[in-house]
Amino acid sequence: MFPRDFAWGAGTAAYQIEGGWQADGKGPSIWDTFCHDKGKVFGEQNGDVACNSYKLWEKDLECIQQLGLTHYRLSLSWARLLPDGTTRHVNPKGVQYYNKVINDLLACNVSPMVTLYHFDLPQALQDQGGWKTAHIATLFDSYAKFCFKTFGDRVKLWITINEPYVCAKLGHEDGIHAPGLKEPGIAAYLVGHNMLRAHAMAWHSYNSLYRSKQKGAVSLAINSDWLEPLHTGCTEDIAATERNLAFTLGWFAWPVFVSGDYPEIMRSTIDAQSKKVGYNGSSRLPSFSKDEPNIMGTADFFALNYYTSRKVKPGGGGGDLCMKSDRDAGEVLDPSWPICGVSWLAVVPHGLRKLLKYIKDTFNNSAVYITENGFSQVGPVQIEDTQRSKFYKDTISEVAKAIQEDGVNVRGYFAWSLLDNFEWADGFSVRFGLFHVDFADAKLSRTIYQSGREYAKMISKYKSGQDEER
């Protein structure tokens, strides 16, 4: 059912699990700052300690081994490695920590997939303008080259930036993620642009300086819902769906995989809305410079974060300057889709299969790693989480169909998340873990959920089938 050497994984992110926010020379990140500002996060919670993985890494490794994972996706804290964000000041304790994590994984026959940036910009760089400044791309490239040089002899799968859409929109348009800026209609496009520039620079650096010796692969993780028209035969709903896809998946996938530029419908609708509201500046969607490294082709695989699906109709286009008005697309939940935990997360495993087929047909039949996919729990903890267990069975069945029946070149699946962790603005109120973490216990004990046990059984079953094929 699954290809040989299929990657069976789970993922985490540094700020969500590590804690140790001031330990051993680490600098502050924008999420440290954001969480310490009152009223930003559920219950005034923060990631100062989180799962304390900085001190309890061996416990995490036991969880990874208990699941039988072949791969583990983690992110590096830029501010733990380079406290001021630059290579002028390297923190040896940070290097030591990640060397240990990588070496321990490899000693257990688990391959690391390493994300360079998962939302936690060093505060020192935010103080200089952060992702809104053109210079950030050069600083990110220097950080990436430092990581490739330091860890790339052992890391063969790299993600440069996780979910640039979320960083740009939630952090710079909506203000509900760090750095908490609300600059509608302008900042998010600029941030997304600089993230693409930073990614491209890092990919080219890897390609020219490290690939021949290290033989790894580099991409960026793009999040996308599956979107389809509310009424399948309605021309307006179809057009709204195409716009919505262009403003989400297409915003980052189109420049990298198709044309080296943004989807034309994205630029034309943004410029039309600017004219409508009397905005007289240059296009709010920046253009790529011919003097910089080409964006096109800067991904060795397609890294997809998928959680849910939506039906789409026209709507939201108003007289103001914001992304919602630009895209003029309203999203609707199908009442037949169950909701898990948080209100936005409808459970639609078959949407993943449809999205994988769309990616195959639209983005050059790229190899795909599903780098995040999960099911949340809120309220009283249920260790026997039967709904989530069923979710993973149904989802992995849909991935198998995508491979076998649709011919999608899926190379791996990473469940989100290994551990219950700090879930950004929701704090610890939302749990995605395969392992329960008792945040009321000073030892932060880890206990496997039923879904974790079931995922381990599926991995064992499919791995044994692959072994028999050999």
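In the predicted model, helix 5 (residues 92–107) packs against helix 7 (residues 136–151) at an angle of about 50°, and the two axes lie 11 Å apart. Helix 5 and helix 7 are therefore oblique to each other, and helix 5 passes helix 7 in a right-handed crossing. On the side of helix 5, the contact is formed by Val95, Tyr98, Asn99 and Ile102, while helix 7 supplies Phe146, Thr150 and Phe151. The residues of this contact comprise 5 nonpolar, 2 polar and no charged.

Helix 5 also packs with helix 3 (residues 57–67), the axes coming within 11 Å and crossing at roughly 25°. Because angles under 35 degrees count as roughly parallel, helix 3 and helix 5 are described as roughly parallel to each other. The crossing of helix 3 and helix 5 is right-handed. Trp57, Glu58, Leu61 and Ile64 of helix 3 meet Tyr97, Lys100, Val101, Asp104 and Leu105 of helix 5. By class, the contact of helix 3 with helix 5 contains 6 nonpolar, no polar and 3 charged residues.

Two buried loop residues make contacts that include members of helix 5. Ser77 is placed in the loop between strand 2 (71–75) and helix 4 (78–81). With a relative accessibility of 3%, Ser77 counts as buried, the cut-off being under 20% relative accessible area. When residues up to four places away in sequence are not counted, Ser77 touches Ala14, Glu18, Lys26, Tyr98, Asp120 and Tyr143. Tyr98 is also one of the helix 5 residues in the contact with helix 7. Val155, in turn, lies in the loop that separates helix 7 from strand 4 (157–162). The relative accessible area of Val155 is 0%, and this residue is therefore buried. Its contacts, again not counting residues up to four places away in sequence, are with Ile102, Pro112 and Val114. Ile102 is likewise among the helix 5 residues that contact helix 7. Val155 and Tyr72 are 83 residues apart in sequence, and their C-alpha atoms are 11 Å apart in space.

Helix 8 (residues 164–172) has 9 of its 9 residues buried and is therefore largely enclosed by the rest of the structure. The buried set consists of Pro164, Tyr165, Val166, Cys167, Ala168, Lys169, Leu170, Gly171 and His172. Helix 8 packs with helix 9 at an angle of about 150°, with the axes 8 Å apart. This angle makes helix 8 roughly antiparallel to helix 9, as angles over 145 degrees fall in that class. The crossing of helix 8 and helix 9 is right-handed. Helix 8 contributes Pro164, Cys167, Ala168, Lys169 and His172 to the contact, and helix 9 contributes Ala187, Ala188, Val191, Gly192 and Met195. The residues of the contact of helix 8 with helix 9 divide into 7 nonpolar, 2 polar and 1 charged.

Helix 9 (187–214) is also one of the elements against which the buried residues of helix 12 pack, together with helix 10 (235–247), helix 11 (249–259) and helix 13 (323–327). Helix 12 (residues 264–276) contains 13 residues, which at 1.5 Å a residue should span 18 Å; the C-alpha atoms at its ends are 18 Å apart, in agreement with this expectation. Within helix 12, the residues Met266, Arg267, Thr269, Ile270, Gln273 and Ser274 are buried. An α-helix has 3.6 residues a turn, so residues three or four places apart point the same way. Just after helix 12, Gly278 adopts a positive phi of about 80°.

Further along the chain, Cys340 is found in the loop between strand 9 (330–332) and helix 14 (349–362). Cys340 has a relative accessible area of 2% and is therefore buried. Leu345, Val347, Phe375 and Ser376 are touched by Cys340, residues up to four places away in sequence not being counted. Cys340 and Arg388 are separated by 48 residues in sequence, with a C-alpha to C-alpha distance of 8.7 Å.

How values were computed: Residues numbered from 1 in each chain as written. Predicted model: local features only at pLDDT ≥ 70, side-chain atom pairs only at ≥ 80, totals over all residues. Heavy atoms only, no water. Axes fitted to C-alpha atoms, helices over the stretch in contact; angles between N-to-C directions. Helix = DSSP H or I, 4+ residues; strand = E, 2+ residues; numbered from the N terminus. Parallel < 35°, antiparallel > 145°, perpendicular 65-115°, else oblique. Left-handed = near helix turned anticlockwise from the far one by under 90°. Contact = heavy atoms within 4.5 Å. Nonpolar A, V, L, I, M, F, W, Y, C, P; charged D, E, K, R; others polar. Expected span 1.5 Å × (residues − 1). Buried < 20%, exposed > 50% of the residue type's maximum accessible area, 1.4 Å probe, protein only.
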